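Visitor: Could you take me through this protein? I am in my first year, so please explain the terms as they come up.

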Amino acid sequence: MGEKPLSTGRAILVWLVSLCLIIVAWQAVIWISGLPAYVIPSPASAFHTLLANGQRLKILTVQTLSETAMGYLLGAVAGFVLALVMGQIALVRRLIMPALIVSQAVPIVAIAAPLVIIFGFGMMPKLIIVAWIVFFPVLVSVLDGMAGIDRDLLNLARLMGGTPLRVFLKVKLPACVGPLFSGLKIGATYAVTGAVIGEWTASANQGLGTYLLSANARMDTAGVYAAMILLTAIGVGSFLIVLGLEKLATPWRSRTKAPSYLR
């Protein structure tokens, strides 16, 4: 039997309990290890730094969040569209897939230097780095979704007079929705990593990534952990947004009755 989905209230409660457990474990590590504050600051110290530098960190968070969101959308759209093309045209898939696999083997940090040479220090290299990270999980997930469609279902649709376009719209495209969101959820958790790497290597603008580096250089470990908390919040928040969109787009996964907006 499948796992019964939690209600919204219970799901929020589970997340809050999990966050509390992380904070408790953090404090427990400090107590047990006896490490000084300049190595591992207490949760209270990190959150105090967040409040004390709230205005500046708010501006930096908006900068990093905008880079993450725009790069994420760029990579998700590119991966989805290319996956549909590759799924429909076998020759394109055979020609492009090896090159894509090789491209993903290149360390993302190594890509930053050529991007700076080509585009300079600005927004574009960071967007490309984020999109690069999101692109491949989305593409592979959608391709797997198209490859996993029941052949008997496709043959039945064709026997019933379905044109290639109608078969694509009525059978293949809906079958990609679930796998698409699997790739989107993976990309949501890693997109902020791309934004930080972009800020470290290809940025003339301040963001949480550059703040983290400067705090580390000053041996401000509380500031480092404060930046980590905000970056983690962006990643978790992105995942939850995608999860919410998935529930709206695939209501049949969590309920037996169609919601009112689909009736």
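The conversation below goes from the overall fold to the interior and then to the surface.

Visitor: What kind of model is this, and how are its residues numbered?

Guide: It is a predicted model, in which local features need pLDDT of at least 70 and side-chain atom pairs count only at pLDDT 80 or more, while totals for chains, interfaces and linings use all residues. Residues are numbered from 1 along each chain as its sequence is written, and side-chain values use heavy atoms, with hydrogens and water left out.

Visitor: How many helices and strands does the chain have?

Guide: The protein chain has 11 helices and 0 strands. Both are DSSP runs numbered from the N terminus: helices are H or I runs of at least four residues, and strands are E runs of at least two. The C-alpha atoms fill a box of roughly 70 × 50 × 30 Å along the principal axes.

Visitor: What share of the residues counts as buried?

Guide: Of the 263 residues, 38% count as buried. Buried means under 20% relative accessible area, exposed means over 50%, and partly exposed lies in between, with a 1.4 Å probe and protein chains only.

Visitor: Which residues touch the most other members of the largest nonpolar core?

Guide: They are Tyr-72, Val-134, Leu-139, Val-142 and Leu-184, in a core of 24 residues. At least two core residues come from each of α3 (54-88), α6 (123-147) and α9 (177-201). Helix α6 gives the most, with 9 residues. A nonpolar core is a set of buried Ala, Val, Leu, Ile, Met, Phe, Trp, Tyr and Cys residues joined through side-chain atoms within 4.5 Å.

Visitor: Is there a general reason to look for such a core?

Guide: In soluble globular proteins, nonpolar side chains tend to be buried together.

Visitor: Moving on, where does Pro-41 lie, and is Pro-41 buried or exposed?

Guide: Pro-41 lies in the loop between α1 (8-33) and α2 (43-52). Pro-41 counts as buried because its relative accessibility is 2%. The C-alpha atoms of Pro-41 and the core residue Leu-139 are separated by 40 Å, and the two residues are 98 apart along the chain.

Visitor: How many salt bridges are there?

Guide: The count comes to 3 salt bridges. A salt bridge is a side-chain nitrogen of Lys or Arg within 4 Å of a carboxyl oxygen of Asp or Glu.

Visitor: Which parts of the chain does the pair Lys-126 and Glu-67 link?

Guide: In this salt bridge the closest N and O atoms of Lys-126 and Glu-67 are 2.7 Å apart. The pair links distant parts of the chain, with Lys-126 in helix α6 and Glu-67 in helix α3, 59 residues apart. Both Lys-126 and Glu-67 are buried.

Visitor: And what about Lys-185 and Glu-246?

Guide: Their side chains meet in a salt bridge at 3.0 Å, N to O. This pair also links distant parts of the chain: Lys-185 is in helix α9 and Glu-246 in helix α11 (residues 221-249), 61 residues apart. Lys-185 and Glu-246 are both buried.

Visitor: Which residue pairs with Arg-218?

Guide: Arg-218 forms a salt bridge with Asp-220, with the closest N and O atoms 3.4 Å apart. Arg-218 counts as partly exposed because its relative accessibility is 46%. Asp-220 counts as partly exposed as well, at 24% relative accessibility.

Visitor: What is notable about phi of Met-219?

Guide: Phi of Met-219 is near 60°, a positive value in a residue other than glycine. Most residues other than glycine have a negative phi. Met-219 is placed in the loop between α10 (208-217) and α11, and Met-219 counts as exposed because its relative accessibility is 57%.

Visitor: Turning to the surface, which residues make the nonpolar patch?

Guide: Val-77, Val-81, Val-85, Ile-89, Leu-91 and Leu-95 make a nonpolar surface patch of about 540 Å². The elements that give two or more residues to the patch are α3 and α4, and α3 gives the most, with 3 residues. Leu-91, found in helix α4, counts as exposed because its relative accessibility is 55%.

Visitor: How is a patch defined?

Guide: Patches are made of residues with over 30% relative accessible area and no salt bridge; like charges are joined within 9 Å, and nonpolar side chains (Val, Leu, Ile, Met, Phe, Trp, Tyr) within 5 Å. Accessible areas come from the Shrake-Rupley method with a 1.4 Å probe, and for residues only the protein chains shown count as cover.

Visitor: Which residues form the positive patch?

Guide: The positive surface patch is formed by Arg-93, Arg-94, Arg-151 and Arg-158. Lys and Arg count as positive and Asp and Glu as negative, while His and the chain ends are not counted. The place of a charge is taken as NZ of Lys, CZ of Arg, CG of Asp or CD of Glu. Helices α4 (90-105) and α7 (151-159) each supply at least two residues of this patch. Arg-94 lies in helix α4 and counts as exposed because its relative accessibility is 59%.
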